[in-house]
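Biologist: I would like a close look at one part of this predicted model, with the reasoning set out step by step. Please take the salt bridges as the subject and go on from there to the surface and the pockets.

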Amino acid sequence: MPDLTHGSPPPVLYLPRPSTWLTWHEYLFRPGMTVLDLAAGEGRHALKAAQWGAECTAVDADTGKLDLGREAASRLGVSVEFREVDLTGEWPAFGVFDAVLVFNYLDRDRMPAVRDLVAPGGLLFMETYLEWQRALDWGPRRAEHLLAPGELTRLVIPFEILHGREVFEPVEGNKIRAVASVVAQQR
């Protein structure tokens, strides 16, 4: 039992857990692969990929969330490059990656640019809310942030879909979410 009489305990590291969609596909990650996490927030997906040995870049516009991610990376002992980028503006030249992670972010007009970030033979992991989410009375409500049934499959064409789903899934607390998820490979 640690002696807490002399000083305070170390702060607890809390980050939202990565999507089960990502963790179910851990077997697709290998040490040294390059990974880009778009609209990363605190970088929960990039941090997990870094723990699996990937070289990760996490991109988001929110500097506060990026700072939380940097702190988490330091405490976890992993290296993630956190970059402040406003994805609604002009994108910098990111290069290409072995895997691109796009979770809870949807910009239909930029899908060609997202696909261009994936190296030949590389993977695109996407997951976001379906329009059925509105009926669950939480989460995004606007049409531009919600997928129609079957739409995610069309958005990743011409990639080969390795695994996909559209589900109602339990999340933290007693909430249910409606999501579409895909792992697709650049041919």
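Biologist: To begin with, does glutamate 71 count as buried, partly exposed or exposed, and at what relative accessibility?

Modeller: Glutamate 71 counts as partly exposed, because its relative accessibility is 39%, and buried would mean under 20% while exposed would mean over 50%. Its salt-bridge partner is arginine 75, and the closest N and O atoms of the two are 3.5 Å apart. Arginine 75 is likewise partly exposed, with a relative accessible area of 37%. The two residues both belong to helix H3 (residues 63–76), and because they are 4 residues apart there, about one helical turn separates them.

The pairing of glutamate 151 with arginine 108 can be set beside this one, since here the side chains meet in a salt bridge at 2.5 Å, N to O. Glutamate 151 lies in helix H5 (residues 151–155), whereas arginine 108 sits in the loop between strand E4 (97–103) and helix H4 (111–116), so this pair ties together parts that are 43 residues apart in sequence. Glutamate 151 counts as buried at 11% relative accessibility, while arginine 108 counts as partly exposed at 27%.

Aspartate 107 and arginine 110 also meet through their side chains in a salt bridge, at 4.0 Å from N to O. In that pair aspartate 107 is partly exposed, at 23% relative accessibility, but arginine 110 is buried, with a relative accessible area of 19%. The count of salt bridges comes to 11, and a network of them links Glu127, Arg165, Glu169 and Arg177.

Turning to the surface, Trp132, Phe168 and Ile176 make a nonpolar patch of about 280 Å². Phenylalanine 168, which lies in strand E6, counts as partly exposed at 49% relative accessibility.

As for the pockets, the largest holds about 480 Å³ of space and is lined by 25 residues, of which Pro16, Arg17, Arg44, His45 and Asn104 lie nearest its centre. Helix H2 (44–51), strand E5 (118–129) and strand E6 (160–170) are the elements that give two or more residues to this lining. Its lining divides into 9 nonpolar, 5 polar and 11 charged residues. The second largest pocket holds about 190 Å³ of space, and the residues that line it include Asn104, Tyr105, Leu106 and His145. By class, the lining of the second largest pocket has 5 nonpolar, 3 polar and 1 charged residues.

Conventions. Residues are numbered from 1 along each chain as its sequence is written. This is a predicted model: local features need pLDDT of at least 70, side-chain atom pairs count only at pLDDT 80 or more; totals for chains, interfaces and linings use all residues. Side-chain values use heavy atoms; hydrogens and water are left out. On a 1 Å grid over the protein atoms alone, a cavity is a set of points where a 1.4 Å probe fits but cannot get out, and a pocket is an open set with protein on both sides within 12 Å along at least five of seven lines; lining residues have an atom within 4 Å of a point. Grid points are joined across faces, edges and corners, and a volume is the space filled by probe spheres set on the points. Ala, Val, Leu, Ile, Met, Phe, Trp, Tyr, Cys and Pro count as nonpolar, Asp, Glu, Lys and Arg as charged, and the others, Gly among them, as polar. Patches are made of residues with over 30% relative accessible area and no salt bridge: like charges are joined within 9 Å, nonpolar side chains (Val, Leu, Ile, Met, Phe, Trp, Tyr) within 5 Å. Accessible areas come from the Shrake-Rupley method with a 1.4 Å probe; for residues, only the protein chains shown count as cover. Buried means under 20% relative accessible area, exposed over 50%, partly exposed in between (1.4 Å probe, protein chains only).
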